[in-house]
Amino acid sequence: MSEKILAVKGMNDILPAGLPRKEKLPDSALWRWFETTVQTVLSRHGYQYLMTPIVEPTALFVRGIGEATDIVEKEMYSWTDAMNGDRLTLRPEITAGIVRAMVEHNALYNGPLRVWGIGPVFRHERPQKGRYRQFHQLDVEALGFAGPDVDAELILLVRQLWQALGLKVGDGSDCHVRLELNSLGQPAERAAHRAALITYFEAHAEQLDEDARRRLHSNPLRILDSKNPAMQALVEAAPKLQAHLGDASKAHLAAVCQVLDAAGLPYRINPRLVRGLDYYNLTVFEWITEQLGSQGTVCGGGRYDGLFEQLGGKPTPAIGFGLGIERLLLLLQELGVPVPGAQADAYAVIPDVAALPQAMVVIDRLRAAGVSVLMHAGGGSFKSQFKKADASGARHALVFGADELAQGMVAVKPLREGGGAQRLLPLDGASGWAAELLAGTGQPA
Ligand code: ATP
Ligand code: MG
C-alpha cells in the first residue's frame, strides 16, 4: 500500500454525522440545516445571493483590509501566478471581493442592494479549536445605505437567525449569544483619537509587547484589540474614541440603540471593540458566546463607508458582517441543538429478495410524496435489517415481509417511544398514507 495523503493542516473535511474523527468538528447535517435556515431568514429580509471568486488580486486585500492588520501582515495565502506573474491571494474574508464586484459591474447604478454570500475563506493562523486555516463565512452586506436604519435592521436580522437556529439571545448567564456594539466614528475623529493613543502608548512604551510596539505608529487602534493578558490594564486605561466622537457619530449610534431597545434586544456598548480590519467606521458590532472558550466571537461586522472609494468606486455607504460558520456550528453541537430532518422518516426492511420490485415501487412513491426513506440495500436477515433500522434513528420501520406482501400490505412499525402501535397499510395506496409518516416532523404533510 502506498502512503496515505492527508488534508492540509487546519483545513477540514465536512463529514456526515456519526463518523469517528480526530477533532471535534460540526457534521454535514448541521451544516446543511444552517444553510437552509440562513437562506430562509435572509430572503425574508430582502437579501439576494451573490457569488464571487475565491482567488482575487492580492492588491484588493492589501488596499481593502489595510496593510498593518494581522490578516495582511501574516495570514494571507498569496502567490505569484507562474503563467503571467500576477500577484494572487486566496480570499481571507468575503467583503472586499463583494465590493470589488459591485464597483466592477457598477451594480449600484439603480440604487442600493442587499446581498449575501457564503463560502470558504483562508487565513494562515495557528490551528486550534474554533480557529482553522480554511474556514467558512456567511457574509451579509447592505450596500448603498447610509443607516442608521439599516444598521439596526442588520443586527435584528442576526437575532432572527440565532432564534431560528434555536439559540437563546440576550445578556443573561443562561443566554448563548450576546451583542456588543461600538462606534468607530468618522476618519477625522479616529485621527484625533489615534494621536491621543500614540501619545498615551509612547508614555508607557516599556509596557508594550513586541506586537504593540510595532503597531504603535502604523496602527495604534489595533493595540486595543490585543489579546495579551499582560497588556489588559494598559489597554483598559487607554484614551477612548468616545471622547472624540462628534454629535453626528453619537446620534448615529444612539439611533441604532433606540431601535434595539424598542425591539427588546439587550447589548453592551464596548468602547474597546475595534475589529480586526481597517475599513470600518461608525457602527461596529460583535456577537459573542461564552461557551467556546477563547474563540468566542461568532459574528462580527460594521459599517465601511470608505471602502468603495478605496477600491476605485464612487463614495458609497455600506454595512455588513461576517459570521464564522465552524464556530457557530460547534456551539450548536455543544449545546445539543436538535437538527430537524437529520433523521429519515422511515427505514425500509426488505427481508425477501423476491419482494424487491414491489417494495421499491412503494418506496419510490413515498419519496415522491416527500417522505425520506432509507432503503436497506444489500440483503440480509430480517433481524439484522431491523437492527439497522433501529440504529438509523428513523422514526418508522417499513417491513416488506412475505406475509404482509401476500395480503397486499406493508407493516409500519414505529421505532420511537410514543409512536403508537404497529399497523398494516396497503401497498397500493402509498401516496394516500405517506403523510402519516411525516406527522410530527414539522414538515408540511
Ligand atoms: P478573531 O478575533 O477571532 O481572530 P477576526 O476579527 O479575525 O476574529 P473576522 O475577520 O471578523 O474575525 O471574521 C468573522 C468571523 O469569522 C469571526 O467572528 C469568527 O467567527 C470567524 N473566524 C475568524 N477567523 C477564524 C478562523 N481562523 N477559523 C475559524 N473561524 C474564524
Ligand atoms: Mg483574526
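Two rings of Phe, Tyr or Trp form an aromatic pair if their centres lie within 6.5 Å, and planes over 60 degrees apart make the pair edge-to-face. The close-up views below all show a predicted model.

**View 1. The aromatic pair of Tyr200 and Phe201.** Five aromatic pairs are present in the structure. In one of them, Tyr200 and Phe201 meet edge-to-face, at 5.2 Å centre to centre and with 65° between the planes. Tyr200 has a relative accessible area of 15% and is therefore buried, the limit for this class being under 20%. Phe201 is likewise classed as buried, because its relative accessible area is 0%.

**View 2. The lining of the largest cavity.** The structure contains three cavities of 30 Å³ or more, and the largest has a volume of about 60 Å³. Its lining consists of Asn12, Asp13, Ile14, Arg21, Leu25, Pro26, Trp31, Gln134, His136 and Glu326. By residue class, this lining comprises four nonpolar, three polar and three charged residues.

**View 3. The lining of the second largest cavity.** The second largest cavity encloses about 40 Å³ of space. The residues that line this cavity are His193, Leu224, Val235, Glu236, Ala238, Pro239, Lys240, Leu241, Pro271 and Arg272. Six of the lining residues are nonpolar, one is polar and three are charged.

**View 4. Arg123 and its surroundings.** An unreviewed UniProt entry carries the annotation "binding site" for Glu93, Ile94, Thr95, Arg123, Gln137, Glu141, Arg275, Tyr279 and Tyr280. Arg123 lies in the loop that runs between β5 (113–122) and β6 (134–143). This residue counts as buried because its relative accessibility is 14%. Leaving aside residues up to four places away in sequence, Arg123 is in contact with Ile71, Glu75, Tyr77, Pro92, Glu93, Tyr132, Arg133, Phe135 and Gln137. Among these partners, Glu93 and Gln137 also belong to the annotated set in the UniProt entry.

**View 5. Tyr279 and its surroundings.** Tyr279, which the UniProt entry also includes under "binding site", is placed in the loop between β8 (267–269) and β9 (281–288). With a relative accessibility of 4%, Tyr279 is therefore counted as buried. Its contacts, not counting residues up to four places away in sequence, are Gly64, Ile65, Glu93, Thr95, Arg303, Tyr304 and Leu307. Glu93 and Thr95, which are among the contacts of Tyr279, are covered by the UniProt annotation as well. Glu93 thus appears in both contact lists, that of Arg123 and that of Tyr279.

Key
Residues are numbered from 1 along each chain as its sequence is written. Chains are lettered from A and ligands numbered from 1 in the order in which they are written. This is a predicted model: local features need pLDDT of at least 70, side-chain atom pairs count only at pLDDT 80 or more; totals for chains, interfaces and linings use all residues. Side-chain values use heavy atoms; hydrogens and water are left out. On a 1 Å grid over the protein atoms alone, a cavity is a set of points where a 1.4 Å probe fits but cannot get out, and a pocket is an open set with protein on both sides within 12 Å along at least five of seven lines; lining residues have an atom within 4 Å of a point. Grid points are joined across faces, edges and corners, and a volume is the space filled by probe spheres set on the points. Ala, Val, Leu, Ile, Met, Phe, Trp, Tyr, Cys and Pro count as nonpolar, Asp, Glu, Lys and Arg as charged, and the others, Gly among them, as polar. UniProt positions are given in the numbering used here, feature names are shortened, and annotations may be inferred rather than shown by experiment. Helices (H or I, at least four residues) and strands (E, at least two) are DSSP runs, numbered from the N terminus. Buried means under 20% relative accessible area, exposed over 50%, partly exposed in between (1.4 Å probe, protein chains only). Contact means heavy atoms within 4.5 Å. Rings of Phe, Tyr and Trp (its six-membered ring) pair if their centres lie within 6.5 Å; planes under 30 degrees apart count as stacked, over 60 as edge-to-face and the rest as tilted.
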